[in-house]
Amino acid sequence: MKLSQQDLKSIEKYCGEEYAKRCRALIERQKNDKVRIVNTGMVSSGKSSLYNALIDSGGEYFPTGAARTTTRADYFDCGPISYVDTPGIDVRSEDDALAFDTIMEADRILMVHNIRTGPLNRSEAAWLERIARGMEDSGGGRLVFALSWIDTREKEADYGELVENVKKQVFEIAGAEIPFFEVSVKKYQQGIEKDKEILVRNSGVGALKEYLEASAASYLEMKRDVDQREFAALMGEIRAILCEKRDSREKEKKAILKKARDRHKSRKSAWNVVYDYFSAQRKRLADLESELKQIV
């Protein structure tokens with residue numbers, strides 16, 4: 001897959017910035033020999049804490065906190081996987097721009113939602129929709145969803161109903177069933193500290209990690225083919241947009257030419273009337289001159 005800088009500028013000019021970003025992201029993904037798993041979510045969704053658990057950092061390799069702590073795309077390479085941590089969304093526009101650019105370069109996208117806040121809010125839903133729209137060509141196969149902080153609500157009577165509502169939201173926005181995990185970093189950490197396997201297992205972190213590692217291993221075997229298929233599909237979208245714009249321009253051009261011809265025809269018709277009038281007057285004058293000569 002090759003596109004020059006001029007090609008990318010043309011795509012941005014005629015198809016929009018998002019299409020140009022998708023092209024750049026695919027090119028970058030093709031260069032990378034690791035599976036890039038990029039997280040995303042609101043500030044305090046627990047995505048950085050979850051990453052620390054997934055990489056078994058034993059501390060805070062990825063900074064955590066209730067405030068805006070992640071301000072750039074940080075990464076940690078763990079075997080064939082590169083875990084990439086992005087800024088929380090819906091705080092600063094520059095953070096959102098960085099997060100989206102990084103997400104579009106991902107081989108897998110892990111969206112994390114804090115179940116303490118209830119279902120997805122409007123900003124999260126719009127963000128997920130934007131991600132899904134940006135990867136329509138891959139059928140949503142790159143997206144993984146995790147509910148965090150389940151320990152804060154799982155004992156509530158309506159917990160199961162709440163989880164089903166979130167699943168329904170995700171399905172309706174993404175347009176497909178996607179891998180869905182319920183996790184508790186707190187349980188995982190307590191299980192590790194107290195050496196209690198049941199806490200570790202019930203935390204859901206291990207299940208998520210196993211899925212991501214298995215998914216990465218199988219994806220590496222077909223990464224090039226997947227990227228090429230996605231690139232071909234993206235080029236098909238871009239060609240369709242360009243053809244539509246070309247056809248629209250042709251119609252506009254024909255309409256302008258028709259208008260000019262009609263105007264020219266109208267002016268020519270008006271001048272013909274004037275010409276016919278003066279021709280008739282000239283003939284009449286010639287007849288009068290002829291009669292005058294006969295009288296003289």
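Which hand does the crossing of α4 and α5 have, left or right? Look at the first close-up for that one; every view here comes from a predicted model.

**View 1. Helix α4 meets helix α5.** The crossing is right-handed. The axis of α4 (residues 93–104) comes within 11 Å of the axis of α5 (residues 122–134), and the two cross at roughly 35°. On the α4 side, the contact is made by D96, A99, F100, I103 and M104, while α5 brings W127, R130, I131 and G134. Sort these contact residues by type and you get six nonpolar, one polar and two charged.

**View 2. The six-stranded sheet.** Here's the sheet as a whole: it is open, its pairing is mixed, and its strands come in the order β2-β3-β1-β4-β5-β6. What stands at the edges? That would be β2 (74–78) and β6 (180–182), and each has a single partner strand, so one side of each is left without a neighbour in the sheet. On average, neighbouring strands are turned by 20° against each other, ignoring direction. As a reminder, strands of a sheet pair through backbone hydrogen bonds, either parallel or antiparallel.

**View 3. Helix α4 over the sheet.** Back to α4, this time with the strands it lies across: β1, β3 and β4 (108–114). Relative to β1, the helix runs at about 150°.

**View 4. β3 and its two partners.** Zoom in on β3 (residues 81–85), which runs parallel to β1 (residues 35–40) and is joined to it by four bridges. Two of the pairs to look for are I37 with Y83 and V38 with V84. With β2 things go the other way: those two strands run antiparallel, joined by five bridges. One pair to pick out there is D77 with its bridge partner S82. The hairpin of β2 and β3 has two residues between the strands, and in it G79 takes a positive phi near 65°.

**View 5. Both faces of β3.** How many residues of β3 are buried? Five of the five are, so the strand is largely enclosed by the rest of the structure. Cover comes on both faces, with I81, Y83 and D85 buried on one side and S82 and V84 buried on the other.

**View 6. S82 close up.** Let's stay in β3 for a moment, with S82. Its relative accessibility is 5%, and because the cut-off for buried is under 20%, S82 counts as buried. Who does S82 touch, leaving out residues up to four places away in sequence? One run of contacts is K34, V35, R36 and I37, and the others are Y75, F76 and D77. D77 has already turned up as the bridge partner of S82.

**View 7. Strand β5 between β4 and β6.** Like a filling in a sandwich of strands, β5 sits between β4 and β6 in the sheet order. It is β5 (residues 143–148) that is mostly covered, with six of its six residues buried. L143, F145 and L147 point one way, V144, A146 and S148 point the other way, and all of them are buried. The pairing with β4 is parallel and spans six bridges; in it, I109 has L143 as its bridge partner. The pairing with β6 is parallel too, over three bridges, and there L147 stands opposite E182.

**View 8. R22 and its polar contact.** Now over to helix α2 (residues 17–31), where R22 is found. Is this arginine buried or exposed? R22 counts as buried, at 7% relative accessibility. Its side chain is joined to the side chain of E237 by a polar contact of 3.2 Å.

**View 9. L242 on helix α9.** Last stop is α9 (residues 205–295), the helix that holds L242. This leucine is partly exposed, with a relative accessible area of 36%. Not counting residues up to four places away in sequence, L242 touches Y14 and C15. For a sense of scale, try finding K155 too: L242 and K155 are 87 residues apart along the chain, and their C-alpha atoms are separated by 54 Å.

Terms used: Residues are numbered from 1 along each chain as its sequence is written. This is a predicted model: local features need pLDDT of at least 70, side-chain atom pairs count only at pLDDT 80 or more; totals for chains, interfaces and linings use all residues. Side-chain values use heavy atoms; hydrogens and water are left out. Axes are lines fitted to C-alpha atoms, for helices over the stretch in contact, and angles run from 0 to 180 degrees between N-to-C directions. A crossing is left-handed if the near helix is turned anticlockwise from the far one by less than a right angle, and right-handed if clockwise. Contact means heavy atoms within 4.5 Å. Ala, Val, Leu, Ile, Met, Phe, Trp, Tyr, Cys and Pro count as nonpolar, Asp, Glu, Lys and Arg as charged, and the others, Gly among them, as polar. Two strands pair if DSSP finds at least two bridges between them. Buried means under 20% relative accessible area, exposed over 50%, partly exposed in between (1.4 Å probe, protein chains only). A polar contact is a pair of N or O atoms within 3.5 Å; within protein, one must be able to donate a hydrogen and the other to accept it, and residues adjacent in sequence count only if both atoms are side-chain atoms.
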